[in-house]
Amino acid sequence: MLFRIEPRAETSRFMKHAAPLLSALLAMAAGSLLFLFIGHDPAYAFYVFFIVPVSDLYGIGELCLKTSPILLCAIGLAIGFRANVWNIGAEGQLIAGAICGGGLALQLQAFDGIWVLPAMFVAGALGGMAWAAVAAFLRIRFNANEILVTLMLTYIAGLFLSYLVYGPWRSPTGFNWPESTALHEAARLPRLLAGTHLNLGFPIALVVACAAWLFIRHSYLAYQMEVGGKAIKAARYAGFGRHRMIWMGLLIGGACAGLAGVVEVAGTIGKLREVVSPGYGFAAIIVAYIGRLNPLGIVLASLLMALFYIGGEQAKVTLGVPSAITGIFQGTLLFFLLMSDLLISYKLKWTGFSTASGLSEPHGNG
Amino acid sequence: MAEINFIVILLIATVTAATPLMLASLGELVAERSGVLNLGVEGMMLVGASVAFAVAASSGSLLLGTVCGALAGALMSLVFAFLTLSCMANQVATGLALTIFGIGVSAYIGSGFTGVSLEVSGPLVVPFISDVTILGTFLLGLEPLTYVTIVLFFCVRWFLYKSRPGLMLRAVGDVPDAAHAIGFSVLGVRYLAVMFGGAMAGVAGAFLSVYYTPVWVENMTAGRGWIAVALVVFAAWNPTRIMFGALLFGGVTILQFHIQSANLGIPTQFLTMLPYAATIAVLVIISSDRARILLNTPASLAVPFRP
């Protein structure tokens, strides 16, 4: 053993904030190595992956566009994770939100008031909440593990959306493609910047992030949830109900993911189709962690994650590598974070090549 | 005779559909019994499936593909073991990371193989030949890997309950401090158990891509890895109950195919939902008995150990 792991006397605040940066750098380095391994010039590949996509206004618009759903999902998840509620099904709650918000828009095609969009957002948030509520109910009433339930519900939501766009909601004029009719103008998010696709979804996501920051910082409920997450016994002693935390954790996560679903349907996609998200709900889990469950950190982390997505697309076009490389990047990023987290509570001590085992302690200066 | 043959075919299909669940669940069982909760089964299965398919398609050898699938699964689990055991990372988060990573890696490995089909010398299904007994038809109809799975089941059961290393493994999962104090290497045992789980998940994936379908499709495990994790809970960490649980789920899968082909006008998506809905239903039934779950869960499951 070259290193020995030693506990720190107190956790390192520096490492707590440096670890996400360190892991992002390590993930990028590992990515460059991967490119080298598959026969591309790593410097050029790095340039194509991380610089080209955001080198003009259009690219930055795309970056913010991709950031919005990831940020929304991650904010909701982080509030749950703080309370130790393992909602892994943001993807399914996003789909539920897309179904409810998009479905409402399809029913309201005759109306074009400015209330249509807000109504869609309310419907989407309620849809996401309802989907998450199933998991909360089963967890509280029957003690069913929320990780497995939210995941299974994700598959079910995806299949239900597939049923809708192949069946009752299929566009009659869509050449038999599995998609709904395009949403009418009043149900679309307005564009913000000429020359880009950037829409109102991004500011909405930022507002939600600010609201989450206020909630975490200033509300008694968030405090209770956090105590419940960190020390269940202390929370019980203080009389903070665990059930209420599970409900709040899952409902907030569901609502945010539902909003993300509406942002996608009313923004980028503009209709309902079989696939409304390339896994934003799962990427958001990573983002919540990299952002240290802190809204500001999550904003930065979701920008990075969005860059992984558009970098992957760019690399596919320019270098001809499969866009699946994005998934590899996402996974490696979280691996490195989990690894560098060790340095928060422990320090590595160089022991050289000679130490045979942990038993032979050095004898100090004497 | 026709009905009996139909039942036999149904049985073969059920056992075959249950095989990957049995493999992945038995592997996860051993890992969890040593005190490690690896939620990355889905990711390890996918990587196993893609590697096995790529190797089988390139080399023409299904066996070589399966072996490489097992190795790929074990390699994936080694990453998990290093992070959770040596770096003491949170097991739930690391398992999720492993699944996300596995989805990416498998899509990458498989990207050159979509649309490729394997030359498979399939099982000898000879359903309507009268001189073969019903039992013979059944036995001939199963995949060789299914037999391997059954042998592995008996090995795992014997190992856990009748062998000394198995006792050590259970001790490590229940009271790691005591096991450490009497000189067992807790981390060593856990590393091996996690890697066994990874290899089994890899074989489970290989079974899907090389024998069952046999094609490579992105995300082809479709949640089976998660169902395998759930099965371990359903079975209250008991290998025999895992086998029955897997058969139940294999049955649900086959039932869904048969309703689909019976053309009852039920949209296929609702039928495809059945295994997932069944997972939730069974999970609810099993978990509501808190005492039983508490009694059977390995006492140190998901608790990091620092020697």
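The following questions and answers concern chains A and B of a predicted model.

Reader: How many helices does the secondary structure of chain B contain?

Author: From the N terminus on, every element in the run α-α-α-α-α-α-α-α-α-α-α-α-α of chain B is written α. The count of strands in chain B is zero. The number of helices in chain B is 13.

Reader: What is the radius of gyration of chain B, and what does the globule rule give for 307 residues?

Author: The globule rule gives 19 Å for 307 residues, and the value for chain B is close to this, so chain B is as compact as a globular protein of that length. The C-alpha trace of chain B spans about 65 × 45 × 40 Å along its principal axes. The radius of gyration of chain B is 20 Å.

Reader: How many of the 19 residues of H2(B) are buried?

Author: Helix H2 of chain B covers residues 41-59 and reaches 26 Å from its first C-alpha to its last, close to the expected 27 Å. A residue counts as buried if 20 or more other C-beta atoms lie within 10 Å of its own. H2(B) is largely enclosed by the rest of the structure, because the number of its residues that are buried is 17.

Reader: Which residue stands opposite A:Pro7?

Author: Strand S1 of chain A covers residues 3-7 and pairs with S2(A) in the antiparallel sense over five bridges. Strand S2 of chain A, residues 346-350, is hardly covered, with zero buried residues among its five. The residue in S2(A) that stands opposite A:Pro7 is A:Tyr346.

Key:
Residues numbered from 1 in each chain as written. Chains lettered and ligands numbered in written order. Predicted model: local features only at pLDDT ≥ 70, side-chain atom pairs only at ≥ 80, totals over all residues. Helix = DSSP H or I, 4+ residues; strand = E, 2+ residues; numbered from the N terminus. Rg over C-alpha atoms; globule rule 2.2 N^0.38 Å. Expected span 1.5 Å × (residues − 1). Buried ≥ 20, exposed ≤ 12 C-beta atoms within 10 Å, placed from the backbone. Pairing = 2+ DSSP bridges.
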